[in-house]
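Me: Could you take a close look at one charged part of the surface for me, and then place it in the chain as a whole? A connected walk-through would be great.

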Amino acid sequence: MDLGECTKIHDLALRADYEIASKERDLFFELDAMDHLESFIAECDRRTELAKKRLAETQEEISAEVSAKAEKVHELNEEIGKLLAKAEQLGAEGNVDESQKILMEVEKVRAKKKEAEEEYRNSMPASSFQQQKLRVCEVCSAYLGLHDNDRRLADHFGGKLHLGFIQIREKLDQLRKTVAEKQEKRNQDRLRRREEREREERLSRRSRSRDRRRRRSRSTSRERRKSSRSRSRDRHRRHRSRSRSCSRGHRRASRDRSAKYKFSRERASREEPWEYGRSERGAVDWRLESSNGKTASRRSEEKEAGEI
C-alpha cells in the first residue's frame with residue numbers, strides 16, 4: 001500500500017535496547033503497537049464492506065442455492081491460490097520435494113473446482129454464467145474473480161499485500177492477548193496495592209484510636225488526681241480552719257477565764273484589808289460573827305467562789 005515514507009527510526013540498536021529494557025521494567029509499548037495495527041485493520045474492513053455493497057448494487061441477484069455453489073467455487077480458488085503460493089515459496093528456498101507434493105495437492109483441488117463449476121453452471125442460465133462474478137477478499141479487501149486462472153490466484157494469495165495483512169492480523173491477535181494478560185496482571189497488582197493500603201490505613205486508624213484512648217485515659221486520670229488533690233486540700237483547709245477556730249475559741253475561753261480569775265483576785269485583794277480591819281475590832285465581835293455558823297474568812301471564800 002502506498003503509505004509514504006515511515007516517520008519512525010528503524011535501528012537494530014534501538015530495538016536491542018528496547019528488548020533489554022523490557023526485561024527490567026514493563027514499558028507497555030504493546031498497547032501503542034496494538035492501536036497502530038488496529039487502525040490498519042479497521043481501514044481494511046471498511047474498504048471490504050464498501051466493496052461488498054458496491055458488488056451487491058451492480059451484480060444481479062441470485063438465489064441462495066446458486067450463491068452457495070458460487071461460494072464453494074470461490075473457496076476452492078482460494079485454496080488453490082494458497083497452495084500455489086506456498087509451493088513457489090518452497091521452491092525458492094530450495095525445498096523441491098515439498099514443493100512437488102504441494103503441486104500434487106493442487107491438482108486434486110483443481111479437480112474439485114471443476115466439479116463445483118459444473119454444478120454452478122448447470123444451476124443458472126448461460127447468459128448469467130458468462131458474467132464475471134466477483135468476490136471481495138476478507139483479508140486484504142481485494143477483488144477476486146470467479147473465473148480467475150491459477151496464475152492470477154497465485155499472484156494474489158502470494159502477494160505482499162495479502163501476506164502483509166495476514167501478518168498484521170496474526171500480530172494483532174498476539175498483541176491483544178499480551179495486552180489482556182498485562183492488564184490483568186496490572187489490575188491484580190493495583191488491587192493488591194489497594195488492599196495493602198487499606199490494611200495500612202486500618203492499622204493506622206487502630207493505632208490512632210488506641211493513642212486517643214490512652215490520651216483520654218491519661219487526661220482522665222490526671223483530672224481525677226487533680227480533683228482528689230483539690231478535695232484533699234479543701235479538707236485540709238477546712239480542718240485547719242476548724243482547728244484554728246477551735247483554738248481561737250479555746251484561747252478566748254481561757255482568756256475569759258483568766259480575766260475573770262484575775263478580776264476576782266483583785267476584788268478579793270481589795271476586800272481583804274476591810275475584812276482584816278473588821279476582824280481586829282475585837283475578839284468579842286469575832287466570836288459573835290463566828291457564833292452565827294460562818295466566819296468572815298469562809299464568807300469571803302464563798303463569795304469569791306460564787307463570783308468565779
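**A close look at the negative patch**

Reply: Happy to help! A good place to start is Glu200, which sits in helix H7, spanning residues 160-279. Please keep in mind that this is a predicted model. With a relative accessibility of 55%, Glu200 is classed as exposed, because the cut-off for that label is over 50%. Glu200 has company, too: together with Glu195, Glu198 and Glu201, Glu200 makes up a negative patch on the surface.

A nonpolar patch can be set beside this charged one. Met1, Leu3 and Leu161 form that surface patch, and their accessible area together is about 300 Å². One of its members, Met1, lies in the segment that precedes helix H1 (12-24). Met1 has a relative accessible area of 53%, so Met1 also counts as exposed.

Now for the chain around these patches. Its secondary structure amounts to 9 helices and 2 strands. Read from the N terminus, the order of elements is α-α-α-α-α-β-β-α-α-α-α. The chain has 308 residues, and 19% of them are buried. Its accessible surface is about 23700 Å², with carbon and sulfur atoms contributing 50% of that area. As for contacts, take those between residues at least 6 apart in sequence: 69% of them link residues at least 24 apart.

Back at your charged part, then, the picture is an exposed Glu200 within helix H7, sharing a negative surface patch with Glu195, Glu198 and Glu201.

Note on methods
Residues are numbered from 1 along each chain as its sequence is written. This is a predicted model: local features need pLDDT of at least 70, side-chain atom pairs count only at pLDDT 80 or more; totals for chains, interfaces and linings use all residues. Side-chain values use heavy atoms; hydrogens and water are left out. Helices (H or I, at least four residues) and strands (E, at least two) are DSSP runs, numbered from the N terminus. Buried means under 20% relative accessible area, exposed over 50%, partly exposed in between (1.4 Å probe, protein chains only). Contact means heavy atoms within 4.5 Å. Accessible areas come from the Shrake-Rupley method with a 1.4 Å probe; for residues, only the protein chains shown count as cover. Patches are made of residues with over 30% relative accessible area and no salt bridge: like charges are joined within 9 Å, nonpolar side chains (Val, Leu, Ile, Met, Phe, Trp, Tyr) within 5 Å. A salt bridge is a side-chain nitrogen of Lys or Arg within 4 Å of a carboxyl oxygen of Asp or Glu. Lys and Arg count as positive and Asp and Glu as negative; His and the chain ends are not counted. The place of a charge is taken as NZ of Lys, CZ of Arg, CG of Asp or CD of Glu.
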